Amino acid sequence: MIKPSILTSASVLLIILTGSLISDSQAQVSVNLNTWSQEGVLSGANWNLEADGSAVFQTVNTTRPTFFVSPDEFINTTIRGRFGVLTTSDDDFIGMVFGYKAPFDSNEDDPAFNDFILFDWKQLPQLNASAGFRLAKVKGTHNSNSHQNNQFWTHTSDANITFTKLDDPIFNAGWENNMLYDFELIYQEDRIAISIQSATETGTFAEKTLIFDIEISDLPEGTFEGDVFPSGHFGFYNHSQQDVRYESFTQEGDPVLVTDPPDEGTLDFEHVRLGDNNSLDLSITNGGGLGSSLTGNVPGATAPFAGPSPDGDFTLGPSDNVLKSFTFTPVNRTLQTQPIEITSNAGNATIDLSGQGVGPIFSSSPAPEGLIDFGEVSYSGSDVVTLDISNTTGDTPTDLALTGLTLLNASISGPHAGLFSLPSFTAGEEVAKGDDYGLQIEFNPDGFLGSASATLQIETDEDAVFG
């Protein structure tokens, strides 16, 4: 008689991926105008830079729209500075462009082709152009006519260029002569807010005045691609106005929490073999602009999940990224999920951790702890009995190795172990899901008289890494 018992062996493979923390602090960052470029019809303006790059002065009555544009793109940021007309001559257009894509002389763009958002400001009404502020999306090629015949004068759309008014001003008035104004632009993917205040705190805009405050949801669907305000360059704008100064511009980026998986997404470990584990990275990025600082925390997970590693706190400068590693170690075959809420100074995001344990299931006939009875065998003969072993798992992972059963070892022990043998067994035999294996056991009394017994031990990788 043989009394089989089944032993399982489990080993743990632990993989931990780590990411480094990079810190920065949020601050107003001075804009160096020396890196900017004049764009549009180059002969139509004269932009004069101060040596330290802190200010630029446009000196001529521009016959065409003219732009002085940053080399960097901006979004989710606050831009502040000071500008105004330092003369009593003329009454035309000054302003800003942002979300700017074209024209760029370095790209060999047609200088008359425009793609940007335009904020312009006229002092007095004149020839169908009203005084005050306008905000419009501009795209297309303007005509070559100068001054009042150019489409920028009245924001006139035609077959070649489109002016899409984005909003009416909250407060409307023209600029004053020899007056500089503090300017603030909050430019985010979902919001544009523009404020004006006279630098001397006198005149019409003695107090800070909100001119435009518009959200992307206020606009008809499809006004902008993806229904977000576009990232783009920032610049200064003049049309038919001389002696305009722009100075002391700074940028303060708003932190933006960007995760991969995204908010309400899933960090999916899929199938993991019981006795094993798997690690995946949650990626966190500060998508904010220059000067922004994203701070926050990723909370700890509970079993069967673990992490984050390294710890959950993070401080990220613009475009900085950190990886937070989580590990899934299943203890049963059920689907496991766990929400993780990331908190930050730019809002929160919830990521679901998800995974399912899978693996082989050992089955035999007779079952473990059962008996294999050879009956009566002649002392001069021998007999062979086959133990039927099956892998009866119902798990269905794509990777079949996750459900393969390995017979790591088989041994016989006990008072009469020498009379029993395993003539055809080789350690490492594999039994795939749904397959069977016949383990032959031979009893050879070799002259022995009486009742013989021993114990068969089978070691498998059930509930362990694939053997």
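The following legends describe an overall view and several close-up views of one predicted protein model.

The model is predicted, and local features need pLDDT of at least 70, side-chain atom pairs count only at pLDDT 80 or more, and totals for chains, interfaces and linings use all residues. Residues are numbered from 1 along each chain as its sequence is written, and side-chain values use heavy atoms, with hydrogens and water left out.

**Figure 1. Overall view of the protein, which has 32 strands and zero helices.** Helices (H or I, at least four residues) and strands (E, at least two) are DSSP runs, numbered from the N terminus. Along the principal axes, the C-alpha atoms fill a box of roughly 125 × 45 × 35 Å. The radius of gyration of the protein is 38 Å, whereas a compact globule of 467 residues would have a value near 23 Å. This radius is taken over C-alpha atoms, and the globule rule is 2.2 Å times the number of residues to the power 0.38. Of the 467 residues, 47% count as buried. A residue is buried under 20% relative accessible area, exposed over 50%, and partly exposed in between (1.4 Å probe, protein chains only). Among contacts with a separation of 6 or more, 72% join residues 24 or more positions apart; a contact means heavy atoms within 4.5 Å. The accessible surface comes to about 20,400 Å², and carbon and sulfur atoms contribute 47% of that area. Accessible areas come from the Shrake-Rupley method with a 1.4 Å probe; for residues, only the protein chains shown count as cover.

**Figure 2. Close-up of Leu135 in strand 10 (residues 132-141).** Is Leu135 buried or exposed? With a relative accessible area of 1%, Leu135 is buried. Not counting residues up to four places away in sequence, Leu135 touches several residues, including Phe98, Ile117, Phe119, Leu166, Ile192 and Phe212. Met96 stands 39 residues from Leu135 along the chain, and the C-alpha atoms of the two are separated by 9.8 Å. Strand 10 itself is mostly covered, with seven of its 10 residues buried.

**Figure 3. Close-up of strand 10 and its antiparallel partners, strand 9 and strand 11.** Two strands pair if DSSP finds at least two bridges between them. Strand 9 (residues 113-122) is joined to strand 10 by 10 bridges. Within this pair, Asp120 has Arg134 of strand 10 as its bridge partner. Strand 11 (residues 161-167) pairs with strand 10 over six bridges. Here Lys139 stands opposite Thr162 of strand 11.

**Figure 4. Close-up of two loop residues with positive phi, Leu127 and Glu201.** Leu127 is found in the loop between strand 9 and strand 10. Its phi is near 45°, a positive value in a residue other than glycine. Leu127 counts as exposed because its relative accessibility is 56%. Glu201 lies in the loop between strand 13 (191-198) and strand 14 (209-215). Glu201 is not a glycine either, yet it has a positive phi of about 55°. Because its relative accessibility is 55%, Glu201 counts as exposed.

**Figure 5. Close-up of strand 20 (residues 294-297), along which the side chains alternate.** Leu294 and Gly296 point to one face and are buried, while Thr295 and Asn297 point to the other and are not. Strand 20 pairs with strand 22 in the antiparallel sense over four bridges, and the bridge partner of Leu294 in strand 22 is Leu316. Strand 20 also pairs with strand 24 (residues 335-344), in the antiparallel sense over two bridges. In strand 24, Ser344 stands opposite Gly296.

**Figure 6. Close-up of the cis peptide bond from Ser309 to Pro310.** Omega of this bond is near -5°. Pro310 lies in the loop between strand 21 (305-309) and strand 22 (313-316).

**Figure 7. Close-up of strand 26 and the cis peptide bond from Ser365 to Pro366.** Which residues of strand 26 point to one face and are buried? They are Phe362 and Ser364, whereas Ser363 and Ser365 point to the other face and are not buried. Four bridges pair strand 26 with strand 27 in the antiparallel sense, and Ser390 in strand 27 is the bridge partner of Ser363. The peptide bond from Ser365 to Pro366 is cis, with omega near 0°. Pro366 is in the loop between strand 26 (362-365) and strand 27 (383-391).
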